[in-house]
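Notebook open, structure loaded. I want to look up rings, one helix, the cavities and a couple of single residues.

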Amino acid sequence: MSLLLVLEQILNGLQFGVMLFLMAAGLTLVFGIMGMINLAHGSLYMVGAYVCATVFQLTGSFLLALAVTLCASAAVGMAVERVALRTLYSRDHLDQVLATFGLILFFNELTKIIWGPRALFLDVPAALSGSVQIIPGVDYPLYRLAIIVVGGLVAFSLYWLIVRTRMGMMIRASASNQEIIGALGVNVPLLYTLVFGLGALLAGLAGAMAGPVWAVEVGMGENILILTFVVIVIGGIGSVRGALVGSILVGFIDIMGRAFLPASLGLFFDPATANGVGASLASMSIYIFMAAILVWRPQGLLPVHGRYR
Amino acid sequence: MRKSMTALLAAAFLIGMPGLLTAQVKVGMITTLSGGGSALGVAVRDGFKLAVDQEGGKLGGTAVELLVEDDARKSGKALQVANRFMKRDKVDIVTGIIWSNLAIAVVPKVVEAGIFYISPNAGPSKLAGAGCHENYFNVAWQNDNLHEAMGQYVARKGFKNAYIMAPNYPAGKDALRGFKRFYKGKLAGEIYTTLGQTDYAAEIAALRGANPDAVFFFLPGGMGISFIKQYHQAGLTGKVPLFGPAFSFDQTILGAVGDAALGVINSSQWNKDIDNAANKAFVAGFRKAYDRLPSLYASQGYDAARLIGAALKSTGGKVDDKGAFRAALRKADFDSVRGNFRFGANHHPVQDIHVREVVREGKVLTNKTVGKAFSDHADAYAGQCKM
C-alpha cells in the first residue's frame, strides 16, 4: 500500500464528497427553511441526468446540455413546489414523507414513459476526457478533478449567497421565523419557491455531472438520496456548512473503508474472511459513523442556531 | 322490468361462462420494475409476455392470466407480493425474481406451499444443492455457470494474475467461486463491493495498484454501466483486458456504456445470433413488439413462459395434479431459444455456454458469438441435491 495510492484515494474521497454536497446542500436548505422533508430530491437529480444526456446526444455540446439541465431542473423543481408541495408545509413530516415518496414513484414512471426502461448513454465531454498527472506517478481522471472544482465553486457561491446577499438574509430570517418576516413584507411563498428552485437546480447539476461517471437509469436518485440523508443528519439538519463538512466526511469514510478495510483486516484474518467481513464492514462504515455522531451530538456536527421551530 | 333484469343476468352469466369453463392458469410474476436494476425485470417481463402474446393470451393452448408485481429489489417487498399471490390470488405458478438474495427469501416459502416456482434468472447455489426442491425449476442457469466459463477462458488464454470483483450478495459469492473453480492462476485481488454501488473510484485505484494482467467482474445492471465507464475514464481500457459474464455486457448495458465495451469477451448461454428457428422467431418477435434488441434476460423470460407452455400442453392445461405437471416440466419438451437444453437432476439447466465478443453492428453495440466454452455443462451442486 503505497503513499501514492493513499493520495489517490484521498482525492477519490474528496470527489465523492463533493458530489454528495451538491445533493445535500439543496436538501438541507429546503428542510432548514421550509421544514420540509423532500424525498423527491433524488428524482430531481435523475431528471437532471436524463435531460443532460438527451441534450448532449442531440447537440453534442456538454456546456449547452448543462445550461439546459440547470434551467429544466429548476423549472421542474419550482413547478413541483407550486403544484404539490406547497400544500404540505403545514402538515407533519409523515404526510410529507408519504407525499414525496409518491412523487418518486411518479417521476420514475414518467421517466420510463418518456425515455424507456433502458439506461442512457452520456459520455465525458471531449475537453475533460483523459487524465492529468497531478504529482509524478498519480494519474487522475480530469473529469473527476472538474467535479471537485465545480463543487468548490458551488460551496463558495452558496456561502456568498447566504451570508452576503439580501436574498440570503431573507433565507436565514425565514429559517428562524417565517411569520415575522412575512409580517415585515417579505413575500414568503415566492421565497420558498425560489429556494426550492435553487435546491432543484443543485440536484440537477449533481445529476448532470454524475451522468458521465455513473449509470443514467431509472431509480438512480434513490441510491444517492439515502447517502444524502446520512450527510445532512451528520452535518446538522438545515445547515449548509454542516452539509459541506458532512458530505466530505462521508465521502472520505466510504472510500477509505472500501479501499483499505479489507486489506487491513487481511493482517488479522485469512484472505477469504477478510474480504467478506471487510466488504460488509466497509458498506456499513458510514452508517456506523452516523450512529456514533447521533450518540455524541444528536443535533449534528454544525447545527443551525436560533431555529424558531 | 323484472323479466328484462333476469334476461340481463342470464346474458351476463352466459358471457361469463366460457371464461369459467376453460381451464385457466394463473401465473404470478414478482420482478424488479423500479429503482436500480429495473431494466432486468422489464426484460424478463417483456420476454415472458411476448411468449404469451404470440399464442394469443395462451401458453400450450391454455389461457393464462399473468399477474405482474414490482419487488423494487427488496426482499421484504418480494415476500409480501409472494404472500398475496399465494393467499389472495391463488396463483398456480410463481416466477420472475431477478436477484438471488430475494430468491433465497421467497422461493422456499412458495415451493413449500406446494406452488411451482420457475426461475427466469436467479440461480443461487443454496437452492441448487442441499436446498433444492421438487417444485423449483431454474430455466436460466445456476449462478456459477457463466462465471465458470469465463474462468476457463481466462485460464486457457494464459492469464496468470487476475483481479476479480463482484457485489457482496449470494450471486456475487457464487460468481467468484464459479470463476475460481476453473481459473487456477494467481489472484491479484478478490473484491466484494456493495450491491447497488455506483462509484468505483476506490476499487479502480486499488486495482491499478495491484497491477493485474486481467480483470474479471460480475456487476449486473446499472452497477456494470458505472464500472465500465469509470474503468474507461481511468485509462485502463486496452491496458488491462476486461472479462465478465453476459450480465456485465448485456444488451441493456451496452447502449449505456458506448465504445468502452467494444471488443470485450464475455460468456453466455444465449445470444441473438444462435441459429435455430425458435431463436429467430423470438428475436424478430421481440424487435417487432418492443422496438429494441432483446437481452439475455428477455430470452430467459421467454424460455420460462415456453417451458410452462410445454408442460401445460402435455397435461392438457391441468396444474392440480402436481405430480403430472412436475413430470411434464422436468421433460422440458420445448425448443429453447438457446438450442441445446435439458434439466439436470436438481432441476437446473444442462446446456452449452458460449463465448461472445462485443462488436458494433451498424450503429448499435451488440454481442457476437465467437466460440463455445462448455458443451452440456451441468452445475457443481447437483450432487448435493436429494430430491
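Before anything else, I fix the term: a residue is buried when its relative accessible area is under 20%, and exposed when that area is over 50%, with partly exposed in between. I also note that this is a predicted model.

**Entry 1: aromatic pairs**

I started with B:Phe343. Its relative accessible area is 9%, under the 20% cut-off, so I call B:Phe343 buried. B:Phe341 comes out at 11%, so B:Phe341 is buried by that cut-off as well.

Then I searched the whole structure for ring pairs and got 27 aromatic pairs over all chains. I picked out B:Trp99 and B:Tyr169: their ring centres are 6.2 Å apart and the planes meet at 55 degrees, so I logged the pair as tilted. This pair links distant parts of the chain, 70 residues apart. B:Trp99 is in the loop between strand E4 (93-95) and helix H4 (100-112) of chain B, while B:Tyr169 is in the loop between strand E7 (161-167) and helix H7 (170-182) of chain B. Both B:Trp99 and B:Tyr169 are buried.

Back to the two Phe residues: what kind of pair do B:Phe341 and B:Phe343 form? They are edge-to-face, with 5.3 Å from centre to centre and 75 degrees between the planes.

I also found one aromatic cluster made up of B:Tyr200, B:Phe217, B:Phe227, B:Tyr231 and B:Phe249.

**Entry 2: charges over rings**

B:Trp99 turned up again. The charged end of B:Arg73 sits over its ring, 5.1 Å from the centre. In chain A I noted A:Arg297, whose charged end sits over the ring of A:Trp296 at 5.8 Å from the ring centre.

**Entry 3: helix H13 of chain B**

Which residues of helix H13 (residues 322-331) of chain B are buried? I list B:Phe325, B:Arg326, B:Ala328 and B:Leu329. They span an arc of only 160 degrees around the axis, so they lie on the same side of H13(B). A reminder to myself: an α-helix has 3.6 residues a turn, so residues three or four places apart point the same way.

I checked what these buried residues pack against, and found E4, strand E5 (116-119), strand E6 (136-138), helix H12 (296-315) and strand E12 (341-343) of chain B. After H13(B) comes B:Ala332, with a positive phi near 50 degrees.

**Entry 4: cavities**

How many cavities of 30 Å³ or more does the structure hold? I count seven. The largest has a volume of about 120 Å³. It is lined by 15 residues, and the closest to its centre are B:Asn121, B:Trp141, B:Tyr169, B:Ala171 and B:Phe218. So B:Tyr169 is in my notes twice, here and in the tilted pair.

**Entry 5: two single residues**

B:Gly185 is in the loop between H7 and strand E8 (186-193) of chain B. Its relative accessible area is 37%, so I put B:Gly185 down as partly exposed. B:Gly185 and B:Gly158 are 27 residues apart along the chain, and their C-alpha atoms are separated by 8.9 Å.

B:Val370 belongs to strand E14 (residues 364-377) of chain B. With a relative accessible area of 44%, B:Val370 is partly exposed too. Leaving out residues up to four places away in sequence, B:Val370 touches B:Val355, B:Arg356 and B:Glu357. I also looked up B:Ile265: its C-alpha atom is 9.0 Å from that of B:Val370, with the two positions 105 residues apart along the chain.

Methods: Residues numbered from 1 in each chain as written. Chains lettered and ligands numbered in written order. Predicted model: local features only at pLDDT ≥ 70, side-chain atom pairs only at ≥ 80, totals over all residues. Heavy atoms only, no water. Phe/Tyr/Trp six-rings, centres within 6.5 Å; stacked < 30°, edge-to-face > 60°. Helix = DSSP H or I, 4+ residues; strand = E, 2+ residues; numbered from the N terminus. Buried < 20%, exposed > 50% of the residue type's maximum accessible area, 1.4 Å probe, protein only. Lys NZ or Arg CZ within 6 Å of the ring centre and 35° of its normal. Arc of directions from axis to C-beta. Contact = heavy atoms within 4.5 Å. 1 Å grid on protein atoms, 1.4 Å probe; cavity = no way out; pocket = protein on both sides within 12 Å on 5 of 7 lines; lining within 4 Å. Points joined across faces, edges and corners; volume = space filled by probe spheres on them.
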